[in-house]
Each structure stands twice: as C-alpha cells, then as structure tokens.
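Visitor: I should like to examine one part of this model closely, namely the edge of its sheet.

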Amino acid sequence: MNTTRALVAVFDTPVAAHLLDFAATLGFRVALADPGLDGVVIDAGTDVVVTDHDRPELGVVLRDALASPARWIGVMGNPRHPGPHVEALRDLGVPDGEIARVHRPIGLNIGSKTPPEIALATLAGLVADRNGRPGGTDFQ
C-alpha cells in the first residue's frame, strides 16, 4: 500500500486549483475528484479536502471518503454557519461518530479571503496536522 503524502481536492473550484498546485510543489501526490471519488486512489496517506459545501453530491462524497482509509477529511465552509454536511450525512445513515471525523472549519486562521489565500491556509493546516503541530505562531 502506498502511504506517501497525497491530497485529493473534491470539486473543481478556484480554491481546488490553487490547493493542488501548492500541494504538488510540496511533494504531495495530487488528484482532483469531480463530481465524486470514483477512480481516485485514496490510501492511509491521503488528505481529502471538499472545496464546495453547496454541491448536491456533498453527502455521497463524504460518505465515500469516510469509508476509505483516508488519513484526514475536511470540508471548507464558514465556521459561523452550521455545516450542511452533517444533515447530508445523517440523511445517508452515517452515524454521528463517523460524521465527527469530518473537519470543519479547516486550515489555519489567517484571515483568508481569496482562493490562493484559502488554499494556502488549508494546506498549512494539513502540513501542521501531519507534523503533529498546532499551527499558529507558538513554537514551544
């Protein structure tokens, strides 16, 4: 089984394009999945980032990601609003314990506004998580 660093960006969005570019530069194996995960290799070294929380396929994509050996699964979205993924997954019969594995919000809080900034914050958060670090500026 290949457990190199990998990133799957779900849904073809401006953020996904930057996320895949930045991740490839950092040595991640990258893939774009749109509209779903069919044909995408996901192993224990894969981080799955859903870049659009308004797509009708959201629940199915997350259910399939949760059934995979993915290392980490997250959905982009405004932390001040409830995540639509919770209801979508419950409607598909996914238990709350599994739903809790989906990270939201994702990335480091750097005040990102543009697609490249959002991708940068997301990838920085993934690298920090992989390295067992909290992110931020505390280096103790």
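Visitor: How many bridges join strand β4 (residues 72-75) to β5?

Guide: Two bridges join strand β4 (residues 72-75) to β5, and the two strands run parallel. The model is predicted, so local features need pLDDT of at least 70 and side-chain atom pairs count only at pLDDT 80 or more, whereas totals for chains, interfaces and linings use all residues. Residues are numbered from 1 along each chain as its sequence is written, and side-chain values use heavy atoms, leaving out hydrogens and water.

Within this pairing (at least two DSSP bridges between two strands), G74 of β4 has H103 as its bridge partner in β5. Both strands belong to an open sheet of five strands, ordered β2-β1-β3-β4-β5, in which the pairing is parallel. β5 (102-103) and β2 stand at the edges with a single partner strand each, so one side of each is left without a neighbour in the sheet. Strands here are DSSP runs of E with at least two residues, and helices are runs of H or I with at least four, numbered from the N terminus.

At the other edge, strand β2 (residues 29-33) is joined to strand β1 (residues 6-10) by five bridges, and these strands also run parallel. Among the residues involved, A9 has L32 as its bridge partner in β2. Helix α1 (residues 14-25) completes a right-handed β-α-β unit with β1 and β2 (with the strands pointing away from the viewer, the path from the first strand over the helix to the second runs clockwise).
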